[in-house]
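Work through the exercises below with the structure open beside the text. Each task is followed by a solution in steps.

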Amino acid sequence: MTRSFNRLKRVLDLEAQQGYQNKAVVGGIRQFAVFWVEQARTEAADELDQALVEQVADVLMDYGRLPGPEARQKALQSLQTSLERRENRLGSAPAKAAPPEKKQQAPPPAAEQPAVEQEEPEEVVDEEEPAGKKRPFAPPPMPEAEPDPEGLAQPTTSLKGVGPKIAQALEKLGAQTLRDLLYVFPRRYDDYTLMKPIKDLIYDEQVTIIGTIWETRSKRIRGDQVLVQSIISDGSGTIQATWFNQPWLAEKLKAGLQIVLSGKVDQFLGRLVFNSPEWEPLEMEPLKTRRIVPVYPLTSGLNSNRMRDIMRAAVSHWSPRVPEPLPVEIRQRQDLYTLPQAISQTHFPESQDTLYHARRRLVFDELFLLQLGMQGFRRDWQAQPGFPLIFSPDALDPFYESLPFALTAAQRRVIAEIADDVTRSIPMNRLLQGDVGSGKTVVAAAAMVMAARAGAQAALMAPTEILAEQHYQGLSKLLTPLGLNVCLLTGSTPAAEKARIYDELTEGTIDVAIGTHALIQPGVQFHKLALTVIDEQHRFGVDQRQALRDKGVPTGDGVANPHVLVMSATPIPRTLALSLYGDLDLSVLDEMPPGRQEIKTRWLRGSERERAYGFVRRQVKAGRQAYIIYPLVEESDKIDAKAAVAEYERLQAEVFPDLRVGLIHGRLKSDEKEAAMRAFYSGETHVLVATSVIEVGVDVPNSTVMVIEGANRFGLAQLHQFRGRVGRGEHQSYCLLIADNESAEAEERLSALEKTNDGFVLAEKDLEIRGPGEFFGRRQSGIPELQMASLLDMEMLTIARDEAEALFRADPNLEDPQHHWLAERVRQFWEQAGDVS
């Protein structure tokens, strides 16, 4: 049977199963006939076939007008009889071969065509930045209303139809007040104005299609996981959609259900497929009116229709009452919608153009408020008294001469920047970025020498005891030969020694204190703390950083703030660092010391895991040690990842029974982590199984192998941090990446890691591939979460920074009456984040 007649038979069978309701295909049987007849005519085997095609077309075109299910059943049964006769007739004679289809999509079943596709549909346009064309700027009309901040502060229960239960569900989405509710934006849109037929889908594009589920089946695969697969058809072709570990979908995605499907087009065995796409039942009303429909985040107790109704009520009444914070001249200069227009059109856009401009305004607001806050923090910090360090120009010469190596040009440049800062009465606030092994510790030591030669003290705070110990050992070697007194203060320091250190810090006989949060305990008083170095800033809270600053140099007017040097080994591209840390001056060590060995990196498939184990065993036999990293701590239903705990037990029992295997993960208590790390550091354990808890931290010079399981689950920057845990000693080191998913994106990421050891190059690539949301993983301490803005949008970032700087110069305190609402908006935006420095 030729493809078209096979397709017809499947449609007729499904229509019969559904009781002849004219719902087997989206838009009705007539809609299917329009597309079927063209293909069937080209595939007709002979003149009898051609006559049958015309007969079928006549019946199907009038099918929807027939009076009720009985008449429809009779019509379709006559067609079924004709089709059976055709099969019998062609059974003994070879049929004319059907011409090949232009594009093979998925397995045969096929079926229907949505009503929106009577004309050739256009390609879906992404609502982000337009490709190469300027969007028309025509602000939509908006009802006039007075700003009503008090009304917007009311709880969501003040909205008609929202009771305590619905309000509780909305609160889970972050909305306690009406204003909060207006900022619960759609997570995506189903654009019924621009639908795309399955036959025109292209690999790797993000699309929305509509169609009818032809069949759904579920099966169990390895690890007792459930795979649910549906065949979706729209008359132009079919495509398979697969969902992992969501067994309940088999009950929901019944054959005959008309759905909207959104996701990225993937490939499997040469066929186009969807993997875990978004879906929801098709609503005919927006399909007929060709509307852009918002799809909101949901939670238990809220379905998509109810959520849309709530949002429509909230947006129509309250968005015109949102105060406009932006001065009119900025809006005019940058072609920006008003805030009420932007909120309204982001929720219920009239077109892709209005959606683009609405989102553009909201993106600008976030970046503008971010930059205004940074400007304020910078001014507040610089307004505080500092303690200028006075030392002779040759004070650092003995330090340089004592080093067993020459400083890089980058190190000399950064030391000069620090020296320039600390001699001023404005306290330094500098971020020192450097790749793993770029020599940040030596730069910090030089700054400490400056403080000591000026008759003051310096302190370095590290996030863990073992890191603090490592800094103490390294800095003592550099500073003790110069006559500086260096101490280590952690929670494990014995009470008697603590008391002695407290006394010596107060007297000023200790020049440099290195420690953990123990440095900021109330009992710790410095004689003259003029420099604080904070290692891995994002590991400390706002209060901890402020507590260390408050121990600065006493003056007649209070305390002079110490100079602050923040060290980070997490590479962040310069443009992004300027946005996230706009209140800090930025120094970058962009040059590696000569002689540092490049870590040899190889990407392996899961089937090559045994090779990796064999390599680890050979390295341990040669006297070295190895890390094996896993992406999760325990089995998760959501991600098929190796659990570190289970794998540790398996590795010890089955793979390395004759070696000592250790385990460290984020759910261990602090002292257990320290003990596991110390055992590896001292060589007691040969192999350390770990999660991302070891991303930053301890140097174990004897470790030469880093095996990373599920490497595709980590970002490039994070993988680079893991890799930096090895290669700290004299021996050649290796990083083996084992991927459990060989998607195009994973291949791009892991190949990039094989090619370069430059963390900044990799950070740029990682941002390009994954975007800043995933790049940072969790929200950065002290930075407000950005709902709409991408920190990669350098054009908008630059515009927002320029406008913020100009406004800040004119009205730094936002005291001008026209900036009243702006001042309030800045306060709201930043109140969740606190101090960022």
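Helices here are DSSP runs of H or I with at least four residues, and strands are runs of E with at least two, both numbered from the N terminus. The model is predicted.

**The whole chain**

Task: State how many helices and strands the protein chain has, and what percentage of its residues is buried.

Solution. Begin with the elements: the protein chain contains 28 helices and 23 strands. Next take burial, which means under 20% relative accessible area. Of the 837 residues in the chain, 53% are buried. Last, consider contacts between residues at least 6 apart in sequence: 74% of them join residues at least 24 apart.

**Helix α23**

Task: Compare the span of helix α23 with the expected span, and find what its buried residues pack against.

Solution. Helix α23 runs over residues 670-681 and has 12 residues. The expected span is 1.5 Å times one less than the number of residues. From first C-alpha to last, α23 reaches 16 Å, close to the 16 Å expected. The second step is to list its buried residues, which are Glu674, Ala676, Met677, Ala679 and Phe680. These pack against helix α17 (465-479) and against the strands β19 (625-629), β20 (661-664), β21 (687-690) and β22 (703-708). Finally, look past the end of the helix: α23 is followed by Gly683, which has a positive phi, near 90°.

**A pair of helices**

Task: Describe how helices α13 and α28 pack, and give the angle and the axis distance.

Solution. Two packed helices are described by the angle between their axes and the distance between the axes. For α13 (residues 352-383) and α28 (residues 820-831), the angle is about 85° and the axes are 10 Å apart. Angles of 65 to 115 degrees count as roughly perpendicular, so α13 is roughly perpendicular to α28. The contact involves Glu366, Phe368, Leu369, Leu370, Leu372, Gly373, Met374 and Phe377 on the α13 side, and Leu822, Arg825, Val826, Phe829 and Trp830 on the α28 side. Sorted by class, the residues of this contact are 10 nonpolar, one polar and two charged.

**The nonpolar cores**

Task: Which residues have the most contacts inside the largest nonpolar core, and which element supplies the largest share of this core?

Solution. In soluble globular proteins, nonpolar side chains tend to be buried together. The largest nonpolar core here has 49 residues, and those with the most contacts inside it are Phe399, Ile418, Met448 and Leu479. Elements that each supply at least two of its residues include α15 (409-422), α16 (440-453), α17, β10 (457-461) and β16 (563-568). The largest share, 11 residues, comes from α16. To see one residue in detail, take Met448: leaving aside neighbours within four places in sequence, Met448 is in contact with Ala458, Leu460, Leu475, Leu479, Leu484, Val512, Leu531 and Val533. There is also a second, separate core of 30 residues, and among its members are Val162, Leu181, Tyr183 and Val184.

**Two positive phi values**

Task: Where do Ser276 and Asp335 lie, and are they buried or exposed, or in between?

Solution. Most residues other than glycine have a negative phi. Ser276 is not a glycine, yet its phi is positive, about 50°. Its place is the loop between β6 (271-275) and β7 (278-281). With a relative accessible area of 40%, Ser276 is partly exposed. Asp335 also has a positive phi, near 55°, and is found in the loop between α11 (328-334) and α12 (339-347). Asp335 counts as partly exposed, at 32% relative accessibility.

**Apart in sequence**

Task: For Val564, Gln206 and Asp511, find the C-alpha distance to a residue elsewhere along the chain.

Solution. Val564, in strand β16, is buried with a relative accessible area of 1%. Its C-alpha is 9.3 Å from that of Val422, and the two residues are 142 apart in sequence. Gln206 lies in strand β2 (residues 206-221) and is exposed, at 54% relative accessibility. Between Gln206 and Asp266, 60 residues apart along the chain, the C-alpha separation is 9.6 Å. Beyond its neighbours within four places in sequence, Gln206 is in contact with Gly263 and Lys264. Asp511 is in the loop between α18 (495-507) and β12. Its C-alpha lies 5.2 Å from that of Asn485, 26 residues away along the chain. Not counting residues up to four places away, Asp511 touches several others, including Ala452, Gln457, Leu484 and Asn485.

Key
Residues are numbered from 1 along each chain as its sequence is written. This is a predicted model: local features need pLDDT of at least 70, side-chain atom pairs count only at pLDDT 80 or more; totals for chains, interfaces and linings use all residues. Side-chain values use heavy atoms; hydrogens and water are left out. Buried means under 20% relative accessible area, exposed over 50%, partly exposed in between (1.4 Å probe, protein chains only). Contact means heavy atoms within 4.5 Å. Axes are lines fitted to C-alpha atoms, for helices over the stretch in contact, and angles run from 0 to 180 degrees between N-to-C directions. Angles under 35 degrees count as roughly parallel, over 145 as roughly antiparallel, 65 to 115 as roughly perpendicular and the rest as oblique. Ala, Val, Leu, Ile, Met, Phe, Trp, Tyr, Cys and Pro count as nonpolar, Asp, Glu, Lys and Arg as charged, and the others, Gly among them, as polar. A nonpolar core is a set of buried Ala, Val, Leu, Ile, Met, Phe, Trp, Tyr and Cys residues joined through side-chain atoms within 4.5 Å.
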